[in-house]
Amino acid sequence: PLFTNATVSALSNLRGSSFEHGFGALWVQHYAEIQYPESDLNVPRGSTVEAFWTAFYSGALQDYTQILTQSAGAADLAGPALVMRAFLVEEMTDLWGDMPFTDASKGSANLTPKYDTQQVIYDSLFASLTKAASTMTGAGASYGGADPIYGQLDLSASDQSKQWVKLANSLHARAAMRISQADAAKSRAELTKALSGNVFGSNDDNAFMTWPGGTVANPLCLNWLGCQGTRDDQRISERFVDTLLVTGDPRLAKYALPTVNSAAGTTACDIPYRGYPNGKAAANVKNPCTGKNFGLADYSKPTLSIRGQTSPSYVMTYSELLFIKAEAAERGWITGSAAALYTDAITASMEQWGVSSADITAYLAKPGVAYTPGANGMKQIAYEKWVSLFNLENEAYAEYRRLNFPVLKPGPDAVTTTVPTRMPYPAIENSLNASNLAAASSAQGSVDISGHVWWDK
């Protein structure tokens with residue numbers, strides 16, 4: 001039950017509208033905020049930042065730490081906890097940079113934990129994922145149906161363990177490529193180690209939480225009006241919608257619903273897909289046909305496959321692993337064709353979302369999609385990864401910062417001239433852990449939303 005609770009808590013908080021969709025999804029311009037635009041104007045609400053920092057530390061991280069203490073001699077119980085703790089910690093450090101880790105989760109034994117550098121944290125993630133992958137065998141006690149990621153697949157204990165090994169190695173590859181700009185040698189070595197083990201081999205290996213519904217529904221459903229929530233304030237970003245319209249990307253119809261007004265089709269402005277502009281106050285968004293303010297019915301919502309009661313919340317997908325391999329091949333770090341891996345990655349993404357074979361073939365044949373090696377090829381990988389990581393918003397935001405592509409700019413009403421590049425620390429740390437926060441802030445340089453985490457060179 002502790003593992004179930006930790007994993008449900010981690011993904012409920014990470015993949016919900018308030019955290020992932022309220023920060024990274026806006027800054028990577030997959031989504032836009034209409035009614036509560038602070039974060040979209042690059043003024044993140046301090047109380048929300050604090051609430052999630054506290055929730056992660058007092059919830060899932062504490063639970064995983066307790067599991068590791070209680071299950072030290074049971075590799076098939078400790079292994080998934082190591083994997084999920086590494087997944088959550090990477091998501092956190094990619095946003096906050098240096099953070100308490102080694103000294104964290106010790107309760108009253110240490111109420112003022114020091115901040116570890118992000119480099120140290122990443123070294124620990126590599127060690128944890130290596131240990132998990134090398135020790136899980138499926139021969140010992142397992143979580144069975146209490147495993148919210150793979151437990152619903154009705155696998156044998158051995159096969160369930162194999163899936164966790166694949167996830168551990170695939171997450172290891174993600175973390176390895178994440179530090180490519182900060183430490184290329186370490187990045188290459190860790191990537192080689194990860195890919196030498198069993199990794200995802202198809203979309204059947206995708207790691208996600210399938211929500212049962214009801215009170216334990218997809219966290220977006222619990223927020224959105226028309227499912228189980230009360231809010232209706234986010235729409236797909238104008239930048240994202242317009243880009244996919246220009247490229248003729250068939251995933252647009254899988255990601256976005258036609259606007260409500262387009263069903264009536266009474267004017268030329270009632271187009272099927274329209275995104276809302278990022279960083280623009282609602283009062284300044286006008287209908288070009290009427291000159292009046294647009295309404296919510298004029299913009300595309302995400303589809304119900306994303307925000308339905310039982311819609312999956314992803315940890316990692318096969319297409320992401322293929323993009324990592326494509327980039328590694330382009331860098332000369334692994335053997336294989338970057339072009340073939342890039343094509344396979346796009347195909348896997350489209351198949352994941354139910355795009356037809358004919359539409360996949362037609363998209364891959366477009367002149368701008370066909371892979372060209374070199375600097376342009378890296379941009380193509382970065383762009384297609386930006387599209388494919390829709391609904392994995394923290395990952396899309398991290399990869400945008402690492403690869404600096406596509407080129408994104410804040411909206412006209414934003415208070416900064418650049419897209420935010422990190423999350424600010426919560427004010428509670430200044431009250432309860434001030435000296436350690438000050439030391440970490442000094443070591444990193446700027447820690448406001450325009451600063452950079454260690455790997456973002």
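**Close-up views of a predicted model**

**View 1. Gln29, a loop residue with a positive phi.** Gln29 is buried, because its relative accessible area of 6% falls under the 20% limit. The model shown here and in the views below is predicted. Gln29 belongs to the loop that runs between α2 (24-27) and β1 (31-33), and its phi is positive, at about 60°, although the residue is not a glycine. Gln29 is also one of the residues that line the second largest cavity, which is the subject of the next view.

**View 2. The second largest cavity.** This cavity has a volume of about 60 Å³. Its lining brings together Leu26, Trp27, Gln29, Asp40 and Asn42 with Asn278 and Gly279, and it is completed by Pro410, Gly411, Val419 and Pro420. Sorted by class, the lining of the second largest cavity holds five nonpolar residues, five polar residues and one charged residue.

**View 3. The largest cavity.** A search of the whole structure finds seven cavities of 30 Å³ or more, and the largest cavity has a volume of about 70 Å³. Asp76, Pro80, Met136, Ser142, Tyr143, Asp147, Ala157, Gln160, Ser161 and Trp164 form the lining of the largest cavity. The elements that contribute two or more residues to this lining are α5 (75-96) and α7 (157-178), and the largest share, four residues, comes from α7. In terms of residue class, the lining of the largest cavity divides into five nonpolar, three polar and two charged residues.

**View 4. The largest pocket.** The largest pocket encloses about 440 Å³ of space. Its lining consists of 18 residues, and those that lie nearest the centre of the pocket are Trp53, Tyr57, Leu111, Pro113 and Glu429. Two or more lining residues are given by each of α3 (46-58) and α18 (427-432), with α3 providing the largest share, four residues. By class, the lining of the largest pocket comprises eight nonpolar, seven polar and three charged residues.

**View 5. Aromatic ring pairs and a cluster.** A pair of aromatic rings is described by the distance of the centres and the angle of the planes. The count of aromatic pairs in this model comes to 29. In one of them, the rings of Phe240 and Trp386 have centres 5.2 Å apart and planes at 75°, so the pair is classed as edge-to-face. This pair links distant parts of the chain, since Phe240 sits in helix α9 (residues 238-247) and Trp386 in helix α16 (residues 375-388), 146 residues apart. Phe240 and Trp386 are both buried. Elsewhere, ring pairs join a set of aromatic residues into a cluster, whose members are Phe19, Phe23, Trp27, Phe52, Trp53, Phe56, Tyr57, Trp96, Tyr115, Tyr397 and Tyr425. Among these members, Trp53 and Tyr57 also appear in the lining of the largest pocket, while Trp27 appears in the lining of the second largest cavity.

**View 6. Asn218 and its polar contacts.** Asn218 lies in the loop between β4 (207-209) and β5 (234-236), and it is buried, with a relative accessible area of 1%. The side chain of Asn218 reaches the backbone nitrogen of Leu220 at 2.7 Å, and a polar atom of that side chain lies 2.8 Å from the backbone oxygen of Ser311. When residues up to four places away in sequence are left out, Asn218 touches Trp211, Ile306, Arg307, Gly308, Gln309, Ser311, Pro312 and Ser313.

**View 7. Lys457, an exposed residue.** Lys457 is found in the segment after α19 (434-444), and it is exposed, because its relative accessible area of 59% is over the 50% limit. A polar atom of the side chain of Lys457 lies 3.4 Å from the backbone oxygen of Trp454. Leaving aside residues up to four places away in sequence, Lys457 touches Gln181, Ala182 and Asn404. The C-alpha atoms of Lys457 and Tyr400 are separated by 12 Å, with the two residues 57 apart along the chain.

**View 8. Backbone details at Pro406 and Ser105.** A cis peptide bond, with omega of about 0°, joins Phe405 and Pro406, and Pro406 is placed in the loop between α17 (393-403) and α18. Ser105 has a positive phi, near 65°, in a residue other than glycine. Ser105 lies in the loop between β2 (99-100) and β3 (115-116), and it is partly exposed, with a relative accessible area of 21%.

Definitions and conventions:
Residues numbered from 1 in each chain as written. Predicted model: local features only at pLDDT ≥ 70, side-chain atom pairs only at ≥ 80, totals over all residues. Heavy atoms only, no water. 1 Å grid on protein atoms, 1.4 Å probe; cavity = no way out; pocket = protein on both sides within 12 Å on 5 of 7 lines; lining within 4 Å. Points joined across faces, edges and corners; volume = space filled by probe spheres on them. Nonpolar A, V, L, I, M, F, W, Y, C, P; charged D, E, K, R; others polar. Buried < 20%, exposed > 50% of the residue type's maximum accessible area, 1.4 Å probe, protein only. Polar contact = N/O pair within 3.5 Å; in protein donor to acceptor, adjacent residues only side chain to side chain. Contact = heavy atoms within 4.5 Å. Phe/Tyr/Trp six-rings, centres within 6.5 Å; stacked < 30°, edge-to-face > 60°.
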